Amino acid sequence: MLDRILRFLASYPILTCFLRTLLDDGKFEGLYGFAPLCKFLINNKDGVSLRDVFLLNQDKVLMESWHHPFNHAYGMTALEYLGTEPIFNKIFNNGMSCNSSIAMNKILDIYKGFQGLNSIVDVGG
């Protein structure tokens, strides 16, 4: 079963697959590795990745709210729901934190207007 899943992922640019011939019986085995796309799923130098964002977007809670507005699906707002479900709360917070960290680091890499500043204040969110 694992080999079938790996072959499926290799059919998309998620994994790479190289076939190696086994010398003793002439059969093939697949050698799997990470494709370049996987860099987004593996922690970067800051210890964050988009893995948590993907997990959040595929969580049952959010999937249900795609079919109905969140309030209709769960009888409360998304922020109220976070207070009732600790597991989803953790997934949500990890996803938002990682996404913010990656986005802000990219902004700081490109935009040089913050150089020389000791602090920045985000007023009003």
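Is D46 buried, partly exposed or exposed? I looked this up before anything else, and D46 is partly exposed, with a relative accessible area of 41%. The model I am reading is a predicted one.

**Entry 1. Salt bridges**

I next asked what D46 pairs with. D46 forms a salt bridge with K45, and the closest N and O atoms are 3.7 Å apart. I noted K45 as exposed, its relative accessible area being 77%. The structure holds three salt bridges, and I went through the other two in turn.

D3 forms a salt bridge with R7, with 3.3 Å between the closest N and O atoms. I located both residues in helix α1 (residues 2-11), where D3 and R7 are four residues apart, about one turn of the helix. I wrote beside this that an α-helix has 3.6 residues a turn, so residues three or four places apart point the same way. D3 counts as partly exposed at 38% relative accessibility, and R7 is partly exposed with a relative accessible area of 45%.

R20 forms a salt bridge with E29, and here the closest N and O atoms are 2.0 Å apart. I recorded R20 as partly exposed, at a relative accessible area of 43%. E29 is also partly exposed, with a relative accessible area of 25%.

**Entry 2. Helix α3 and its two faces**

I then turned to α3, which covers residues 60-67. Which residues of α3 are buried? I found V61, L62 and S65 to be buried. Seen down the axis of α3, these buried residues fall within an arc of 90°, so they line one face of the helix. The face turned away from this buried side carries the exposed residues K60, W66 and H67.

I looked up what the buried side meets. The buried residues of α3 pack against α2 (51-57), α4 (70-74), α5 (78-82) and α6 (86-110). At the N-terminal end, α3 is capped by D59, with a side-chain oxygen 2.9 Å from the backbone nitrogen of V61.

S65 was checked separately. Its place is in α3, and S65 counts as buried because its relative accessibility, 17%, falls under the 20% limit. Where does the side chain of S65 reach? I traced it to the backbone oxygen of L62, at 2.8 Å.

For a second reference point I took L79, which lies in helix α5. L79 is exposed, with a relative accessible area of 66%. The C-alpha atoms of L79 and S65 are separated by 13 Å, and the two residues are 14 apart along the chain.

**Entry 3. The nonpolar core**

How many residues make up the largest nonpolar core? I listed seven in all: L56, V61, L62, F70, Y81, L82 and F88. Of the helices, α3 and α5 each supply at least two residues of this core.

I followed V61 further. Leaving aside neighbours within four places in sequence, V61 is in contact with F70, Y74, Y81 and F88.

**Entry 4. Aromatic pairs**

I closed with the rings. A pair of aromatic rings is described by the distance of the centres and the angle of the planes. The structure holds seven aromatic pairs, and I examined two of them.

The rings of Y74 and Y81 have centres 4.8 Å apart and planes at 50°, so I entered the pair as tilted. Y74 counts as partly exposed at 22% relative accessibility, whereas Y81 counts as buried at 10%.

The rings of Y111 and F114 have centres 5.0 Å apart and planes at 75°, so I entered this pair as edge-to-face. Y111 is partly exposed, with a relative accessible area of 45%. F114 is likewise partly exposed, at 30% relative accessibility.

Which residues do ring pairs link into a cluster? I found F70, Y74, Y81, F88 and F92. I set this list beside my earlier notes: the contacts of V61 include F70, Y74, Y81 and F88, and the members of the largest nonpolar core include F70, Y81 and F88.

Notes
Residues numbered from 1 in each chain as written. Predicted model: local features only at pLDDT ≥ 70, side-chain atom pairs only at ≥ 80, totals over all residues. Heavy atoms only, no water. Phe/Tyr/Trp six-rings, centres within 6.5 Å; stacked < 30°, edge-to-face > 60°. Buried < 20%, exposed > 50% of the residue type's maximum accessible area, 1.4 Å probe, protein only. Polar contact = N/O pair within 3.5 Å; in protein donor to acceptor, adjacent residues only side chain to side chain. Arc of directions from axis to C-beta. Contact = heavy atoms within 4.5 Å. Core = buried A, V, L, I, M, F, W, Y, C linked by side-chain atoms within 4.5 Å. Salt bridge = Lys/Arg side-chain N within 4 Å of Asp/Glu carboxyl O.
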